[in-house]
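Dear colleague,

I am handing over the structure below, and I would be glad if you could look through it alongside the notes that come after it.

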Amino acid sequence: MLTSGLADIFKNQLGVSDDDYSEAQRLVKDKGGRIGDILIKRNLVTETQYLEAIGRRFNIPFWPDLPIDNIDNRFTQEVSIQFLKKYVMVPLEFSQSTKGPDSKPNDDNGYPEHRLQEDPGPIIAVNDPTAFHALDDLANILKYDQYKLILSTRNTIISTINISYDLSRDSAEQLVQDMEDSETNIIEDIEDQADLLDDTSDAPIIRLVNHIISQSIKARASDIHIEPFKDRFKVRYRVDGILYDLLTPPRWIQAALISRIKIMAKLNIAEKRLPQDGRFEVKIGNQDVDVRVSTLPTALGERVVMRLLNKKGSLLELSDLGFEPAKLTNIKQLVTSPNGIILVTGPTGSGKTTSLYAVLSSINSPDINIITIEDPVEYQIKGISQIQVNPKIDLTFARGLRSIVRQDPDVLLIGEIRDLETAEIAVQSALTGHLVFSTLHTNDSASAITRLVDIGVEPFLISSSVLAVVAQRLIRVLCIDCKKPFKPDMGALKTIGIATDQLKNRALYKAVGCERCFNTGYRGRIGIFEIMTMNDQIKSLIVQTHDSNRIKMESLQHGTVSLRQDGIAKVLRGVTTIEEVMRVTQND
């Protein structure tokens with residue numbers, strides 16, 4: 001019996017107790033569904049463990065990843081994306097021989113490993129192999145006489161479906177050509193937040209906007225810029241902190257494109273003389289993306305910037321941010337302090353909010369009351385009360401803080417200290433037993449002290465309340481698929497400050513570029529940090545002077561590692577390049 005076979009695997013191989021299995025059977029009987037889904041939902045087994053168990057029972061290979069490099073995407077013209085997503089299956093018609101990924105070895109349990117060398121031909125990846133009718137319908141639609149069946153996770157299959165349909169869509173250039181060939185420009189207002197990949201609208205301008213957004217999200221872009229020039233306008237996106245050209249359409253498309261974006265953001269399309277801000281949400285497959293829209297009138301027309309925030313983006317752990325071991329130990333000690341202020345500084349887009357969210361996640365527990373006031377709230381953190389600043393109703397940082405301190409908080413996060421009133425409340429909160437986190441826009445850690453004094457905070461209050469200042473930048477990480485070792489010239493080493501003896505038994509790497517990193521040579525970013533911990537000498541100096549240069553020299557003498565030095569450590573570990581560290585620390 002299938003049930004008894006699975007029961008044996010779940011109980012004997014995956015450690016599910018008799019009581020848990022019986023309860024899952026009862027829920028299946030009462031509510032329907034698969035017993036595996038219930039066990040996964042209750043965190044008794046993982047999806048991978050469940051699929052491997054199913055694969056052993058049916059002798060079907062389990063592929064944790066689906067190779068899509070040589071897939072024939074013709075099925076996207078014959079099968080609707082909604083059908084494949086409903087039944088969580090995707091056909092993979094390989095045009096070349098493909099080696100299937102190994103499933104997890106289980107020789108000790110007596111089950112064979114799946115190591116298949118697949119010949120060219122159709123494979124159907126499914127999440128539920130018992131969906132016989134849907135499999136038959138798909139095979140009939142695609143005229144498959146024979147096909148091989150494999151198992152994969154729900155997220156992997158959905159991602160492959162999205163990528164396949166995305167790649168089969170018309171290019172941006174073709175969409176622009178459709179608009180040029182069209183006699184009329186129709187802007188339709190689609191109010192619902194449908195999956196952009198499911199949107200089959202025939203209006204070229206809608207398809208063009210959808211394509212720009214979906215391609216930008218696929219490229220991991222953080223921003224989309226629409227910039228007017230005299231004869232044309234540019235569409236660019238920012239990936240890993242660098243702007244790249246995406247499209248340069250004719251100038252006459254500009255008004256229709258911006259109007260479409262304004263409609264999506266519920267802005268006034270008739271107002272082109274004043275700046276406007278708005279937002280909308282889109283779905284790209286299983287990703288929910290919050291899009292913040294800002295328009296600005298220029299002499300050549302409106303300029304638009306869209307900030308892309310993936311709402312399902314996983315919060316990083318402290319250990320993922322890029323702290324060197326000694327700094328990680330230091331920051332873990334600081335964030336468990338009972339009271340005081342910890343400031344994170346750096347320019348816009350340097351990852352300050354991400355770092356603070358990682359800090360809050362690391363100390364978040366049921367016995368601590370954490371309240372934040374932010375502008376905007378970028379990610380929701382379970383168990384933390386987060387307040388959104390709203391100047392339209394006079395909910396400013398200062399006014400929100402005055403109410404927050406009456407809510408008996410243990411930890412406060414202030415999105416940014418912008419004025420004296422906010423700074424004074426933060427200082428008083430720190431002095432009365434609260435741990436306060438906030439950000440400032442300064443170039444290095446020592447400059448934060450100068451900024452607070454300029455705002456109007458008394459130096460003796462700063463020395464009494466501030467525990468540490470963390471300055472940070474983001475540097476691009478070398479693509480592991482194409483980076484190459486090289487021998488740098490002495491001039492470059494001298495410029496950045498690397499001694500020749502530091503290169504002993506080490507290789508430095510340079511960026512090359514490949515398809516996986518969009519030929520940039522880099523993929524992803526990581527932080528470099530400068531942590532100035534307030535000791536007695538620095539506190540005494542702050543009371544005497546707020547000269548940032550003197551404060552920085554004092555902190556360096558007491559062991560503070562500068563941004564440049566932290567970047568050098570990552571160059572020596574092969575994480576990034578000399579050029580990248582020079583780019584982000586050129587003022588150090």
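The notes that follow take up an enclosed cavity and then a pair of helices.

Please keep in mind throughout that this is a predicted model. When the whole structure is searched, 4 cavities of 30 Å³ or more are found, and the one described here is the second largest, with a volume of about 70 Å³. Its lining is made up of 14 residues, and those lying nearest the centre of this second largest cavity are I331, V344, S355, V359 and V470. Three elements, β13 (340-345), α12 (352-363) and β18 (466-478), each contribute at least two residues to the lining, and the largest share, 3 residues, is that of α12. In terms of class, the lining of the second largest cavity holds 12 nonpolar and 2 polar residues, with no charged residues.

The second point concerns helix α13 (residues 397-404) and helix α14 (residues 420-431), whose axes come within 8 Å and cross at roughly 25°. Angles under 35 degrees count as roughly parallel, and α13 and α14 are therefore roughly parallel to each other. The crossing in which α13 passes α14 is left-handed. On the α13 side the contact is made by F397, A398, L401 and R402, while E421, T422 and I425 make it on the side of α14. Sorted by class, the residues of this contact between α13 and α14 comprise 4 nonpolar, 1 polar and 2 charged.

With best regards

Key
Residues are numbered from 1 along each chain as its sequence is written. This is a predicted model: local features need pLDDT of at least 70, side-chain atom pairs count only at pLDDT 80 or more; totals for chains, interfaces and linings use all residues. Side-chain values use heavy atoms; hydrogens and water are left out. On a 1 Å grid over the protein atoms alone, a cavity is a set of points where a 1.4 Å probe fits but cannot get out, and a pocket is an open set with protein on both sides within 12 Å along at least five of seven lines; lining residues have an atom within 4 Å of a point. Grid points are joined across faces, edges and corners, and a volume is the space filled by probe spheres set on the points. Helices (H or I, at least four residues) and strands (E, at least two) are DSSP runs, numbered from the N terminus. Ala, Val, Leu, Ile, Met, Phe, Trp, Tyr, Cys and Pro count as nonpolar, Asp, Glu, Lys and Arg as charged, and the others, Gly among them, as polar. Axes are lines fitted to C-alpha atoms, for helices over the stretch in contact, and angles run from 0 to 180 degrees between N-to-C directions. Angles under 35 degrees count as roughly parallel, over 145 as roughly antiparallel, 65 to 115 as roughly perpendicular and the rest as oblique. A crossing is left-handed if the near helix is turned anticlockwise from the far one by less than a right angle, and right-handed if clockwise. Contact means heavy atoms within 4.5 Å.
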